[in-house]
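Me: I would like to learn how to read a model feature by feature, beginning with its bonds and charged pairs and then moving on to its surface, its interior and its backbone. Could you take me through it step by step?

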Amino acid sequence: MSRRVVRQSKFRHVFGQAAKADQTYEDIRVSKVTWDSSFCAVNPKFLAIIVEAGGGGTFIVLPLAKTGRVDKNYPLVTGHTAPVLDIDWCPHNDNVIASASDDTTVMVWQIPDYTPVRNITEPIITLEGHSKRVGILSWHPTARNVLLSAGGDNVIIIWNVGTGEVLLSLDDMHPDVIHSVCWNSNGSLLATTCKDKTLRIIDPRKGQVVAERARPHEGARPLRAVFTADGKLLSTGFSRMSERQVALWDPNNFEEPVALQEMDTSNGVLLPFYDPDSSIIYLCGKGDSSIRYFEITDEPPFVHYLNTFSSKEPQRGMGFMPKRGLDVSKCEIARFYKLHERKCEPIIMTVPRKSDLFQDDLYPDTPGPEAALEAEEWLSGQDAEPVLISLRDGYVPPKHRELRVTKRNILDARPPSGPRRSQSASDAPLSQQHSLETLLEEVKALRERVQAQEQRITALENMLCELVDGTD
């Protein structure tokens, strides 16, 4: 008889546990919008959740320590005129968050360290370039102030948030709605999935599809894909029989998957959360009440099932804490923020260890809050790996850092350095569309209209005062 050898792995006993009741965030009206995003974003300082709002788009930002019941008058972030569909924290500034909305705009917000007295209504900058709803946001992993947005117009726009400019626009790569977008570890490539059931790897600066795979999963439901640390791709989707699948692909050979696992039959789209430090993929289905996790290795079968965390309540969305926000003294290797209908519940994943010492093998150096490149350097063709930090002494978030936006002078027609798409007449600099005299005339006419309005307001105020005096 041959003895079955158990696979050696330090993550075989990853243990998931929901936080105690006093560590949850209660009385939050989570958004009911039908959109396959996570509805939640978290960093070492703040928890942000898209919430229900009458006649506009709103999300709430809570300091991580503010657990318990949330006051119904707690200040919100309100500025969009239609529902917010996605939010994403800047990896290089814990006080900056971007939001995408059904109103076709992307807004970038500065969140103060103190609790604001009233709603935050003024974004640092509003990015307007999409013609339909914007449903996907993703910050560049290594370049400062570079933000990607993908909209219902099948266009991906890469912005320089520091200037408000469009760096790149990928508008002829996807024939249908984009379902997911993911950067690789140094931000040189994108992996996208689309309603046309094709998985694409794109070099955004060259504007080229480097590799593509039609129908990586046979089913009709949406696909998702994320890059692994070594450049492979993990995709989630559905079989022809509506069974949910996870597959590992080598972009150099897209013919057959390196590994394919079928899981269960369900309608919920699987949201993949990948941890490059431990090479564990966590799969959270919208409407599910469980989180499945797998370890990705170089030995067959390559995708190894580890365990399932199960609970009673289905999840409406999920936030995933960056590694630097975890408690290393408790051997915590992942933390999720599970959205219920009216609350948010942290779920902590740990690897039980007897020793209280720092566990080097669980915590390799991880990406820190410093950017490796400026936006202009990345656009000109430079690449850099993330700037790593050690978690040996824990991570202390830096103090409030302000994002300064310097808009380019609209009269300055000099093109930015680096490759850029050809411009149509509609998005050429204003100085090419109008003469200086025309602009001055427009400004003068606008001033006259403002003066007329001010005179009208003064007249109305005088009438109001006379009416009040008359009633007295």
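Reply: What follows is a guided reading of this structure, which is a predicted model.

Me: Let us begin with the cysteines: how many disulfides does the structure hold?

Reply: The general idea is that a disulfide is a covalent bond between the sulfur atoms of two cysteines. In this predicted model the structure holds 0 disulfides.

Me: Why does Cys 194 have no such bond?

Reply: A disulfide requires two cysteine sulfur atoms within 2.5 Å, and the closest cysteine sulfur to that of Cys 194 belongs to Cys 182 and lies 16 Å away, so the two are too far apart for a bond. As for their surroundings, Cys 194 counts as buried, with 1% relative accessibility, and Cys 331 counts as buried too, at 5%.

Me: Turning to charges, how many salt bridges does a search of the whole structure find?

Reply: Side chains of opposite charge can pair when their charged atoms come close. Here the search of the whole structure finds 20 salt bridges.

Me: Which residue pairs with Arg 133, and where do the two partners lie?

Reply: Arg 133 forms a salt bridge with Asp 102, and their closest N and O atoms are 3.3 Å apart. This pair links distant parts of the chain, 31 residues apart, since Arg 133 sits in the loop between strand S11 (125–128) and strand S12 (134–139), while Asp 102 sits in the loop between strand S9 (96–101) and strand S10 (105–110). Arg 133 is partly exposed, with a relative accessible area of 30%, and Asp 102 is likewise partly exposed, at 27%.

Me: What does the salt bridge between Arg 392 and Asp 360 look like?

Reply: The closest N and O atoms of Arg 392 and Asp 360 are 2.5 Å apart. This pair, too, links distant parts of the chain: Arg 392 is in the loop between strand S32 (388–389) and helix H2 (430–433), and Asp 360 is in the loop between strand S30 (343–350) and strand S31 (366–367), with their positions 32 residues apart in the numbering. Arg 392 counts as partly exposed at 44% relative accessibility, and Asp 360 counts as partly exposed at 47%.

Me: Are Glu 332 and Arg 335, which also form a salt bridge, buried or exposed?

Reply: Both Glu 332 and Arg 335 are buried, and the closest N and O atoms of their salt bridge are 2.6 Å apart. Salt bridges may also be read as networks, and one such network links Arg 244, Asp 264, Asp 288 and Arg 292.

Me: On the surface, which residues form a nonpolar patch?

Reply: Leu 464, Leu 467 and Val 468 form a nonpolar patch there, and together they have about 300 Å² of accessible area. Of these, Leu 467 is found in helix H3 (residues 436–471), and this leucine counts as exposed at 59% relative accessibility. Helix H3 is also the place of Arg 449, which counts as exposed at 53%. The C-alpha atoms of Arg 449 and Ala 214 are 56 Å apart in space, and the two residues are 235 residues apart in sequence.

Me: Moving to the interior, how many cavities of 30 Å³ or more are there, and what lines the largest cavity?

Reply: The count comes to 2 cavities of 30 Å³ or more, and the largest cavity has a volume of about 100 Å³. Its lining comprises 14 residues, of which Val 61, Tyr 74, Ile 111, Pro 116 and Ile 120 lie nearest the centre.

Me: Finally, where should I look for backbone features such as a cis peptide bond or a positive phi?

Reply: The peptide bond from Pro 300 to Pro 301 is cis, with omega near 0°, and Pro 301 lies in the loop between S26 and S27. Phe 302 lies in the loop between strand S26 (290–296) and strand S27 (303–310), and this residue has a positive phi of about 70° although it is not a glycine. Phe 302 counts as partly exposed at 22% relative accessibility, and its C-alpha atom is separated by 7.5 Å from that of Val 258, which is 44 residues away along the chain. Ser 279, which is not a glycine either, has a positive phi of about 60°; this serine is in the loop between strand S24 (270–275) and strand S25 (280–285) and is buried, with a relative accessible area of 17%.

Note on methods
Residues are numbered from 1 along each chain as its sequence is written. This is a predicted model: local features need pLDDT of at least 70, side-chain atom pairs count only at pLDDT 80 or more; totals for chains, interfaces and linings use all residues. Side-chain values use heavy atoms; hydrogens and water are left out. Buried means under 20% relative accessible area, exposed over 50%, partly exposed in between (1.4 Å probe, protein chains only). A salt bridge is a side-chain nitrogen of Lys or Arg within 4 Å of a carboxyl oxygen of Asp or Glu. Helices (H or I, at least four residues) and strands (E, at least two) are DSSP runs, numbered from the N terminus. Patches are made of residues with over 30% relative accessible area and no salt bridge: like charges are joined within 9 Å, nonpolar side chains (Val, Leu, Ile, Met, Phe, Trp, Tyr) within 5 Å. Accessible areas come from the Shrake-Rupley method with a 1.4 Å probe; for residues, only the protein chains shown count as cover. On a 1 Å grid over the protein atoms alone, a cavity is a set of points where a 1.4 Å probe fits but cannot get out, and a pocket is an open set with protein on both sides within 12 Å along at least five of seven lines; lining residues have an atom within 4 Å of a point. Grid points are joined across faces, edges and corners, and a volume is the space filled by probe spheres set on the points.
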